Amino acid sequence: MLPLLRRFGPLLVAAVALALAVRGIDLQKLAAATRGAPLVPLIGVSAIAALVNCAADTFAMYYVFRWFGLHLRYVDLYTIRAATYTLAVLNYHAGQAGIIGYLNRVGRVPLARASAYILFIIGVWVALLLLFAGGSLLLGGDKARALAPVLVAFFVGLIAYLILITWPPRFLLHPPAASADAGDEAPSQRLRSRLLRVLVNLWAPLHEAGALGHLRALVVRLPHLFVLLCWHYFALRCFRVEVPPLVAALYLPVVFAIASLPISVQGLGTSQIAAVYFFRDYAAAGDESVLAYSLTMTAIATASNLGMGLLFLGRGARLGLRDMAESASRELDQSDTQRAS
């Protein structure tokens, strides 16, 4: 069931969320808002932004891996990252498995530890987005108040997390030893031991990074966020959504965070709901302008990811990307099955 959920769950979520996003929308106005936007300049800017965005994304990964002791070639990592964009369009799990497989094959990193590195990078990205979103509390208003419970929970969780990585409990540092008579253990005890070993493997790199390592990872991720903010701010103006720069810088990260959740294909539907909610007050032509911006950017992002992937897939194949992704995905699925049993 788990592989099926990974494959078809995001499609179902995208379909339901998109239906909710277009409910009550005048489709003729939506089409007019799309036709009235300067799409040719937007596509041209997007082509350049996609290359720069991948470079900034790879830059952050490159230095995080170096701090964990992995000295990879930037050009090869850029190639793999760009090629996995295509895999991620089709299946988010496959895109992550491609990077994990690359670390496993080239960096000689065990799969569990490679998975922990990727989870660390994803967690830092989401934390950076929510830190920027936290500034929205200074703006006040209904939208900021609506975000307040989520942001307060995030900051409380962040403080608890910093305490844990600084003074972790013993069970996070020392995995339970495998018992010689494990076959005589109750199923619940075996499952608990397995989960604890997985948790320790995932926790080890986080503890090694420490608070300073997390801060450095946030800093090197800033160029990636800056590229996305500039790209989307330009797109909003193309659709006559006159968002002030400060508002865009504080609310766009929330939209990015929702779109990056692996529950929908390329954030389809979920990002549209979020964009309309946050930016409808600044749209000259109503919700249709915001929805036109969001749908167009989702289409451009999907096309950019596919284009980047196809552009670098040949070199990625020569580096063994397909085999690395398939083997990592297969072994990770087997691990999930073993833990579930």
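**Exercise 1. Classify two cysteines by their accessibility, and count the disulfides in this predicted model.**

Solution. Begin with C54, whose relative accessibility is 0%; since buried means under 20% relative accessible area, C54 counts as buried. Turn next to C230, which has a relative accessible area of 39%; this value falls between the limits of 20% and 50%, so C230 is partly exposed. For the last step, recall that a disulfide is a covalent bond between the sulfur atoms of two cysteines. With a cut-off of 2.5 Å between cysteine sulfur atoms, the count comes to 0 disulfides.

**Exercise 2. Describe the overall make-up of the protein, and state where the confidence of the prediction is lowest and where it is highest among its elements.**

Solution. Start with the elements: the protein has 13 helices and 0 strands, and from the N terminus on every element in the run is therefore written as α. Then consider burial and contacts: buried residues make up 44% of the 341 residues, while residues 24 or more positions apart account for 77% of the contacts with a separation of 6 or more. The accessible surface comes to about 17,000 Å², and 68% of it belongs to carbon and sulfur atoms. Finally, turn to confidence: the average pLDDT is 82, and 85% of the residues score at least 70. Among the elements, helix α3 (residues 39-67) has the highest mean pLDDT, 94, whereas helix α13 (residues 321-340) has the lowest, 59. Where pLDDT is low, the predicted coordinates should not be read in detail.

**Exercise 3. Compare the expected span of helices α7 and α12 with the distance between their end C-alpha atoms, and locate the kink in each helix.**

Solution. Take helix α7 (residues 141-166) first: its 26 residues, at 1.5 Å a residue, should span 38 Å, and because its end C-alpha atoms are 36 Å apart, the two values agree. Within α7 there is nevertheless a kink of about 40° at A148, shortly before the proline P149. The buried residues of this helix are K143, A144, L147, L151, F154 and I165. In reading such a list it helps to recall that an α-helix has 3.6 residues a turn, so residues three or four places apart point the same way.

Repeat the steps for helix α12 (residues 287-318): its 32 residues should span 46 Å, and the end C-alpha atoms are 46 Å apart, so here too the values agree. The kink in α12 is about 50° and is centred on F312. After α12 comes G320, which has a positive phi near 90°.

**Exercise 4. Work out the surroundings of P253, H232 and S294.**

Solution. Place P253 first: P253 lies in helix α10 (residues 245-260) and counts as buried, because its relative accessibility is 0%. Once neighbours within four places in sequence are set aside, P253 is in contact with L129, F132, A133, L229 and A248. P253 and L228 are 25 residues apart in sequence, and their C-alpha atoms are 9.1 Å apart in space.

Continue with H232, which belongs to helix α9; at 13% relative accessibility H232 is under the 20% limit and so counts as buried. Not counting residues up to four places away in sequence, H232 touches L252, F256, Y293 and M297.

End with S294, which has its place in helix α12 and is buried, with a relative accessible area of 5%. With residues up to four places away again left out, S294 touches S271, Q272 and A275.

**Exercise 5. Which arginines have a positive phi near 60° or of about 60°, and are they buried or exposed?**

Solution. As background, most residues other than glycine have a negative phi. R108, which is not a glycine, has a positive phi near 60°, and R108 lies in the loop between α5 (92-105) and α6 (111-134). Its relative accessibility is 68%, which is over 50%, so R108 counts as exposed. The other case is R240, which has a positive phi of about 60° although it is not a glycine, and R240 is found in the loop between α9 (187-238) and α10. At 52% relative accessibility, R240 likewise counts as exposed.

How values were computed: Residues are numbered from 1 along each chain as its sequence is written. This is a predicted model: local features need pLDDT of at least 70, side-chain atom pairs count only at pLDDT 80 or more; totals for chains, interfaces and linings use all residues. Side-chain values use heavy atoms; hydrogens and water are left out. Helices (H or I, at least four residues) and strands (E, at least two) are DSSP runs, numbered from the N terminus. Buried means under 20% relative accessible area, exposed over 50%, partly exposed in between (1.4 Å probe, protein chains only). Contact means heavy atoms within 4.5 Å. pLDDT is the predictor's confidence in each residue, from 0 to 100. Accessible areas come from the Shrake-Rupley method with a 1.4 Å probe; for residues, only the protein chains shown count as cover. The expected span of a helix is 1.5 Å times one less than its number of residues. The bend at a residue is the angle between axes fitted to the seven residues ending there and the seven starting there.
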